[in-house]
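This report goes through the structure shown below, from one of its helices to its cores, a strand and a loop residue.

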Amino acid sequence: MEWWLALFVFGVSITLWIGVGLLRLLTQDAVERRRRVADSTGARRLTPADVAVLIPAHNEEASIAATITSVLRLVPGANVHVVADGCTDRTTEIAGSFGVNVLELQPSRGKAGGIEAAVEHFELARRFELMLITDADTRLDRHYLDRGLRLMEDPAMAALAGYAHVDWQPAAVNGLGRLLLSYRTRLYAVMQGMKYGQTWRHTNVTPIVPGFASMYRTRLLPRMELNPPGLVIEDFNMTFELHRKKLGKIAFEPSVYGICQDPENLRDYYRQICRWWLGFWQTLRRHGLWFSVFSAALVLFLFEVFVVSLVLLLVVASLVFLAAEPATGGLALQWDWYAPVHAWLDPLITPLNLVVFLWLPDYLLTCLVALWLRRPSLLVYGVGFIFLRVLDAVVTVRTLIQLCREKSTGRWTSPARRSVQVLSADGHAPGAAGGDVAGGVAVAAPADDRPAAALNWRDAAPVLFDGALVLALLLLAAALLVLGVAASVILGMTVATVVVCALLALIVPWYRARREDR
């Protein structure tokens, strides 16, 4: 009976779409041959001059210099358009120092409102064939357009979804930050592995073209409602617009990528996933479902996500329920309603079952991703990923409830950013004299950004320290098991950890909102 836990850890959708992705990979040579034949016909080729780059930004002074620097490697400054949406820091000043086009909006209109305003103000649909939207914390790969434009030369393609890589700098964050970034690395690997199958030209069912680094055909923009009321994020809505109105297919290749900053503290992580899930539910409510392969794939995914979330929450609730017995010194067993439920749950929710049927399958998924990405550090942090999955489950259900009682304005708050430097070949940041970007915003990293660069000792040291700490905790757990007290200790630690995570999930946003109100 416990095997259903392991089934839900991996999921039917993951298996299905990664399998379709493997089939797509096997047929990739035929696609390349057709593309070479099309290239030889003399049809007009797309060039960087055909691309308008749009960078929506809200208080991004720490990272926007690096973003613009990476963009200027791809297109001239005249093609770059920054929307400073309700900024109260130096974002506008920094962007202006690069000589790019800047539109300042006060008060904030939200990211979707900023995109809509920029498309109209700069007349992007009339002047350019493609619009590349990139977040102000993203660094685009220097080959993004070389490879991306080849995909968009297929007239059937309406949009291009960029591949996301986590900005992995372990020495720049603390242990919790390394855990969160590693978890996000695994999430991106799994979801984008699914997306590779979902964006095959014979399927075309991906539910999102992520707003961090993606392209759209500008001739389609007038047919899309970019900023409908009541949505907290824009990328789900823009993707659903493509599917609902049958505007074309979505291209996707892992070689067309950008490196983005992800939350490195629990507060920002919680707020971001709340924003993502609430935006998804809002988009689904707005567009609904219709008879199509896209809707069928979406229903399968939603059913699985919802069931997995409920299963994880029920497991946590069962642990809390069972903990009442040792917490009351056995007194709870005398309660008429408690004893029969305890007798049913106790042989199911055991430490051994939780490890074998819940934690182990989740960790096996981490092992597969670590092998695929050649990232052994994931093996260290993957030990704790199951707790973040519980937090994700809380958010999934919470935002669904929130959907029914709250309306969104679309205004945004960016997570904390790290200052990043991307230097050109001559050692200076393009658009700034002497290497100083925008009057003192620190910027430093090789010009050739790679998502999986070799770690030096400075980067490896904190990972090794965390690995030693995890190993020590595992050895301690094994010793307690030998002593015969592991069951109660592990159960107590699990319950305490889950309760703390649940309390943080509820208290942190409330406390933050109270501080902002003051």
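## An enclosed helix

Helix α16 is largely enclosed by the rest of the structure, because 14 of its 19 residues are buried. The model is a predicted one. Helix α16 covers residues 385-403 and reaches 27 Å from its first C-alpha to its last. That span is close to the 27 Å expected at 1.5 Å a residue.

## The nonpolar cores

The largest nonpolar core has 84 residues, and Y144, L145 and M215 touch the most other members. Helix α11 (residues 266-287) supplies the largest share of this core, nine residues. Where does the core lie with respect to domain 1 and domain 2? The core lies between them, because both domain 1 (3-27 + 45-289) and domain 2 (302-404) give residues to it. In soluble globular proteins, nonpolar side chains tend to be buried together.

L145 is in contact with P48, V51, L74, V75, L132 and M215, leaving aside its neighbours within four places in sequence. There is also a second, separate core, which has 32 residues; A52, A117, F122 and Y216 are among them.

## Strand β7

Strand β7 (residues 213-217) is mostly covered, with five of its five residues buried. Which residues of β7 are on one side, and which on the other? A213, M215 and R217 are on one side, while S214 and Y216 are on the other, and both faces are covered. Two of these residues also appear in the account of the cores: M215 is among the residues that touch the most other members of the largest core, and Y216 is included in the second, separate core.

β7 pairs with β4 in the antiparallel sense, over five bridges. Within this part of the structure, M215 of β7 is the bridge partner of L132. L132 and M215 are also both contacts of L145. Strand β6 (residues 157-166) runs antiparallel to β7 as well, and two bridges join them. Here the bridge partner of A159 is Y216 in β7.

## D135 in the β4-β5 loop

Is D135, in the loop between β4 (130-134) and β5 (138-140), buried or exposed? D135 counts as buried because its relative accessible area is 17%, and buried means under 20%.

Not counting residues up to four places away in sequence, D135 touches I55, T67, K111, G211 and F212.

Technical notes. Residues numbered from 1 in each chain as written. Predicted model: local features only at pLDDT ≥ 70, side-chain atom pairs only at ≥ 80, totals over all residues. Heavy atoms only, no water. Buried < 20%, exposed > 50% of the residue type's maximum accessible area, 1.4 Å probe, protein only. Contact = heavy atoms within 4.5 Å. Helix = DSSP H or I, 4+ residues; strand = E, 2+ residues; numbered from the N terminus. Expected span 1.5 Å × (residues − 1). Core = buried A, V, L, I, M, F, W, Y, C linked by side-chain atoms within 4.5 Å. Domains from an automatic or database assignment. Pairing = 2+ DSSP bridges.
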